[in-house]
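Hi,

Here is the structure I said I would pass on. Have a look at it first, and my notes on what I found follow below.

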Amino acid sequence: AQAASMPNSALHGSSTSGRPPSVVSAFLAIGKADGLAGYYRGISAFAPRVIVASAVQLSTYDTVKQQLMSRFVLSDGVFTHLSASLITGVAVVGTMQPFDFAATRLVSTPTAAEAGAQATFSGPLDVIRKSIQAEGVLSVYKGVSANYARFGPYCVLVFLFLEQLRAAEIRLRKWRYAQIAQR
């Protein structure tokens, strides 16, 4: 994954044929340029992204579903699950987008070893702070529509499957209780 996110100059430097380098040559180039730390580049932004996304996703879906059912008198069916999933996707992308933005900037900005000078950013919060100062608050939401186009369908699939598993569990419990009652 790291090889795919390396700056073009670092990757193309190991290939003289004009073709993209192999995964092995990219892996070796990363190790040579940045050592072991190069393989973990951007993790300081990816870890908070995963934590925030998971926390929001898990806490939002059931709350939104209950609100949709109570406010709009919807049944606990596929339309409600689909709607709650799409809304959850918006909440997740809205909260994780600044971290995605920071991770992208961290990974695509030359490191101190590559630049031969001090690194541009010290971490994800530094990326966000400097970007907001230079480009405005909305700068950290660059790419949010593409991110939602990827994450919205993911949420729909995850929660539609979850609801099917919940329904299967209920059916299984009813069947087991009926089996026990017949004894």
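Start with the side chain of Ser131: one of its polar atoms sits 2.8 Å from the backbone oxygen of Val127. One caveat before going further is that this is a predicted model, so please read every distance here as a computed value. Ser131 belongs to helix α6, which covers residues 124-135. With a relative accessible area of 2%, Ser131 falls under the 20% cut-off and therefore counts as buried.

What does Ser131 touch, once residues up to four places away in sequence are set aside? The list is Phe101, Arg105, Gly136 and Ser139. On the backbone side, the C-alpha atoms of Ser131 and Ala102 are 9.0 Å apart, with their positions 29 residues apart along the chain.

Ser131 has company in α6: the buried residues of that helix are Pro124, Asp126, Val127, Ile128 and Ser131. The buried residues of α6 pack against two other helices, α3 and α4 (78-108). I also checked the length of α6. Its twelve residues, at 1.5 Å each, should span 16 Å, and the end C-alpha atoms are indeed 16 Å apart, so the two agree. If you want to redo that sum, the expected span takes 1.5 Å times one less than the number of residues.

Now step just past the end of α6. Gly136 comes right after the helix and has a positive phi of about 100°. The backbone oxygen of Gly136 is 2.7 Å from a polar atom of the Ser139 side chain. Ser139 itself is in the loop between α6 and α7. Is Ser139 buried or exposed? It is buried, at a relative accessible area of 4%. Apart from neighbours within four places in sequence, Ser139 contacts Phe101, Ser131 and Ile132. Phe101 therefore turns up for both serines, as it is on the Ser131 list and on the Ser139 list.

There is another positive phi worth a glance. Val73 is not a glycine, yet it has a positive phi of about 50°. You will find Val73 in the loop between α3 and α4. Unlike the buried serines, Val73 is exposed, with a relative accessible area of 73%.

On to the aromatics. The count of aromatic pairs comes to three, and I will go through two of them. In the pair of Tyr61 and Phe159, the ring centres are 4.0 Å apart and the planes are at 5°, so the pair is stacked. Tyr61 is in helix α3 (residues 43-71) and Phe159 in helix α7 (residues 144-182), so this pair ties together parts 98 residues apart in sequence. Tyr61 and Phe159 are both buried.

The other pair is Phe151 with Tyr154. Here the ring centres are 5.0 Å apart and the planes are at 45°, so the pair is tilted. Both residues are in helix α7, three residues apart, which is about one turn of the helix. Phe151 is buried, with a relative accessible area of 6%, whereas Tyr154 is partly exposed at 40%.

For the overall picture, the chain has seven helices and zero strands. Of its 183 residues, 33% count as buried. Among contacts with a separation of 6 or more, 69% are between residues 24 or more positions apart. The accessible surface adds up to about 11400 Å², and carbon and sulfur atoms account for 66% of that.

Last, how far to trust it. The mean pLDDT of the chain is 87, and 89% of the residues reach 70 or more. Which elements have the lowest and the highest mean pLDDT? Helix α1 (residues 8-12) has the lowest, at 42, and α7 the highest, at 96. Over residues 1-15 the pLDDT is below 50, although this stretch has 25 contacts in the model beyond near neighbours in sequence. Where pLDDT is low, predicted coordinates should not be read in detail.

Cheers

Methods
Residues numbered from 1 in each chain as written. Predicted model: local features only at pLDDT ≥ 70, side-chain atom pairs only at ≥ 80, totals over all residues. Heavy atoms only, no water. Helix = DSSP H or I, 4+ residues; strand = E, 2+ residues; numbered from the N terminus. Buried < 20%, exposed > 50% of the residue type's maximum accessible area, 1.4 Å probe, protein only. Contact = heavy atoms within 4.5 Å. Polar contact = N/O pair within 3.5 Å; in protein donor to acceptor, adjacent residues only side chain to side chain. Phe/Tyr/Trp six-rings, centres within 6.5 Å; stacked < 30°, edge-to-face > 60°. Areas by Shrake-Rupley, 256 points an atom, 1.4 Å probe, with all protein chains shown as cover. pLDDT = per-residue confidence, 0-100.
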